[in-house]
Amino acid sequence: MINLELPKKLRTSANQAHQVAQEIFRPISRKYDLAEHAYPVELDTMAAMIDGLSDSGTQQIGGASGGRSSDSDSHATELLGNSNGGNMSALMNALETSWGDVGLMLSIPYQGLGNAAIAAVSTDEQIERFGKVWASMAITEPSFGSDSAAVSTTAVLDGDEWVLNGEKIFVTAGQRSTHVVVWATVDKNLGRAAIKSFVVPRDAPGLSVARLEHKLGIKASDTAVLLLQDCRIPKDNILGSPEVNVEKGFAGVMQTFDNTRPMVAAMAVGVARAALEELRAILTAAGIEVSYDTPANNQHAAAAEFLRMEADYEAAYLLALRAAWMADNKKPNSLEASMAKAKAGRTGTDVTLKAVELAGPEGYSQRELLEKWGRDSKILDIFEGTQQIQQLIVARRILGKTSAELK
């Protein structure tokens, strides 16, 4: 029998994250939504707490090392054939804190998307060096959106240093992070196989913030445009192997998404759950009962719609859990990661916007957070690969088609 109950260590971690969301994030959510680009100083306390938990070994939630399984996890896997490690822990933390505020969740020090990239493709030596940095991730450029293979930022080896040149846009936490994971090509003539990821310190010469974006949602999170102008970094700051393997192609850096897409799915699930809970309270106050014993077509239209959305939420949640579990257990999960991201991204926007609609004036006003969640959720269906890209990846995997055969 399949047991979908979270193990004790994950329940404890998730409960702590929920307390953070409830006691820290929710009370300041509207404040930083209205004060775009202001740094949430309340998060400094969280940074110290995360660092302390990581150093004590209580939880692996700080930095990139949280995405790696410990020796004890590996031993448990040998005995039981099952591991719930850094990916699952990070997913549950992301879900619970996004229930509080996804913009603030994306602003937690040392929990950047670049940390998942480091965990996915770095060597053990690099984990030692970069395991506790705060890393944002810079992929998108002005010339492309979701087609990550179109990277034009260049990296040229000059003695013991890489020299990077290019422009990156929509970099989450691009100004606040201590490091940036930059995707660049080491040889344009070799195509996508030559695209590598590099860890660039924020104070590296030649790296600058051109501007911060004004956005529809997640206003608490800074989203930057970064310029790399003859930016020099050490030779060994290239993640993974520096060799270009044409046969392996783009698989090396794309492995990053196998870790980050379930995380983004969890963010969407967290926001959707927040909206469902708020909507349920509003419907109950209006005298509309949601029954699980009565057919939906015999209930109030709003109750029937609630049941539909709740079913979609549950499906998205389970898909995200599966993708993270597969990552922890070293199983190829590219298909499952894209399925989770596609389902959760679509569900997040559907649930939050429908909640705004069904809640009437309370949904559209700033008296409640429903309208904010509706704005915040849209980015979760876009970044780390849009809805359309995820569906394309899923179709290719299921049909056994290459990117050239199915566009």
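Which residue takes a positive phi in the hairpin of S2 and S3? In this predicted model, the residue is Gly-159, with a phi near 65°, and the hairpin has two residues between the strands. Strand S2 (residues 154–158) pairs with strand S3 (residues 161–172) in the antiparallel sense, over five bridges. Within this pairing, Val-163 in S3 is the bridge partner of Val-156.

Two helices can be described by their burial, as tabulated here.

| Helix | Residues | Buried residues |
|---|---|---|
| H4 | 86–100 | 14 of the 15 residues |
| H6 | 113–121 | nine of the nine residues |

Because 14 of its 15 residues are buried, H4 is largely enclosed by the rest of the structure. The length of H4 agrees with expectation: at 1.5 Å a residue, its 15 residues should span 21 Å, and the end C-alpha atoms are 21 Å apart. Helix H6 is likewise largely enclosed by the rest of the structure, since nine of its nine residues are buried. The buried residues of H6 include Leu-113, Asn-115, Ile-118 and Val-121.

A helix pair is considered next. Two packed helices are described by the angle between their axes and the distance between the axes. Helix H9 (residues 301–328) packs against helix H10 (residues 334–358) at an angle of about 155°, and their axes are 8 Å apart. Angles over 145 degrees count as roughly antiparallel, and H9 and H10 are therefore roughly antiparallel to each other. The crossing of H9 past H10 is left-handed. In the contact of H9 with H10, the residues comprise 15 nonpolar, eight charged and one polar.

Note on methods. Residues are numbered from 1 along each chain as its sequence is written. This is a predicted model: local features need pLDDT of at least 70, side-chain atom pairs count only at pLDDT 80 or more; totals for chains, interfaces and linings use all residues. Side-chain values use heavy atoms; hydrogens and water are left out. Helices (H or I, at least four residues) and strands (E, at least two) are DSSP runs, numbered from the N terminus. The expected span of a helix is 1.5 Å times one less than its number of residues. Buried means under 20% relative accessible area, exposed over 50%, partly exposed in between (1.4 Å probe, protein chains only). Axes are lines fitted to C-alpha atoms, for helices over the stretch in contact, and angles run from 0 to 180 degrees between N-to-C directions. Angles under 35 degrees count as roughly parallel, over 145 as roughly antiparallel, 65 to 115 as roughly perpendicular and the rest as oblique. A crossing is left-handed if the near helix is turned anticlockwise from the far one by less than a right angle, and right-handed if clockwise. Ala, Val, Leu, Ile, Met, Phe, Trp, Tyr, Cys and Pro count as nonpolar, Asp, Glu, Lys and Arg as charged, and the others, Gly among them, as polar. Two strands pair if DSSP finds at least two bridges between them.
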